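Trainee: Could you pick one part of this structure and take me through it closely? I would like to see how it sits among its surroundings.

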Amino acid sequence: MPHTIKAENTEMMISTGRLNRYVDRMARWSPQRRAHAHKAAELRLGGKHPRKRDAAIYAATGLR
């Protein structure tokens, strides 16, 4: 089941596989690095050209 992330003007759908890959990758990161990645992804999602990568980072760090 795809996950829906609300960007500034649109909703982005990311696959469960993509989300799981980012959760696994970020499990080894420090809490400070995850917080920085979350904030940066949030800012990019509010920009003109949001990316699925940023939506996956935002969702993966929001799960913890």
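Mentor: Happy to, and one definition will help us from the start: a helix crossing is called right-handed if the near helix is turned clockwise from the far one by less than a right angle, and left-handed if it is turned anticlockwise. Please keep in mind that this is a predicted model. The part I have picked is helix α3, residues 52-62.

Let's place α3 in the chain before zooming in. The protein chain has three helices and two strands, and along the sequence they follow the pattern β-β-α-α-α. With a radius of gyration of 11 Å, close to the 11 Å that the globule rule gives for 64 residues, the chain is as compact as a globular protein of that length. Its C-alpha trace spans about 30 × 25 × 15 Å along the principal axes. Of the 64 residues, 33% count as buried. If you take the contacts between residues at least 6 apart in sequence, 53% of them join residues at least 24 apart.

Now to α3 itself. Its buried residues are D54, A55, A56, I57, A59, A60 and T61. The cover over them includes the strands β1 (3-6) and β2 (11-14), together with helices α1 (16-26) and α2. The two helical neighbours deserve a look in turn.

Start with α1. Its axis comes within 9 Å of the α3 axis, and the two cross at roughly 60°. That angle makes α1 oblique to α3. The crossing is right-handed, which is where our opening definition comes in. On the α1 side, the contact is made by R18, L19, Y22, V23 and M26, and on the α3 side by K52, R53, A56, I57, A59, A60 and T61. Sorted by class, these residues give eight nonpolar, one polar and three charged.

Y22 is a good residue to click on here, as a member of α1. With a relative accessible area of 13%, Y22 falls under the 20% cut-off and is therefore buried. Beyond its neighbours within four places in sequence, Y22 is in contact with R53, A56, I57 and A60, residues that belong to the α3 side of the helix contact. For a sense of the layout, Y22 and E42 are 20 residues apart in sequence, and their C-alpha atoms are 15 Å apart in space.

E42 brings us to α2, since E42 is one of the α2 residues that meet α3. Helix α2 covers residues 31-45, and its axis comes within 8 Å of the α3 axis, with a crossing angle of roughly 135°. So α2, too, is oblique to α3. This crossing is left-handed. From α2 come R34, A37, H38, A41, E42, R44 and L45, and they meet R53, D54, A55, I57, Y58, T61 and G62 in α3. By class, that contact holds six nonpolar, three polar and five charged residues. If you compare the two lists, R53, I57 and T61 of α3 appear in the contact with α1 and in the contact with α2.

Finally, look at the loop that leads from α2 to α3, where P50 lies. P50 has a relative accessibility of 26%, which means that it counts as partly exposed. Outside its neighbours within four places in sequence, P50 is in contact with A7, M12, R44 and L45. M12 is part of β2, while R44 and L45 are α2 residues that also meet α3. The pairing with A7 reaches across the sequence: P50 and A7 are 43 residues apart along the chain, yet 7.2 Å apart from C-alpha to C-alpha.

Definitions and conventions. Residues numbered from 1 in each chain as written. Predicted model: local features only at pLDDT ≥ 70, side-chain atom pairs only at ≥ 80, totals over all residues. Heavy atoms only, no water. Axes fitted to C-alpha atoms, helices over the stretch in contact; angles between N-to-C directions. Helix = DSSP H or I, 4+ residues; strand = E, 2+ residues; numbered from the N terminus. Parallel < 35°, antiparallel > 145°, perpendicular 65-115°, else oblique. Contact = heavy atoms within 4.5 Å. Nonpolar A, V, L, I, M, F, W, Y, C, P; charged D, E, K, R; others polar. Buried < 20%, exposed > 50% of the residue type's maximum accessible area, 1.4 Å probe, protein only. Rg over C-alpha atoms; globule rule 2.2 N^0.38 Å.
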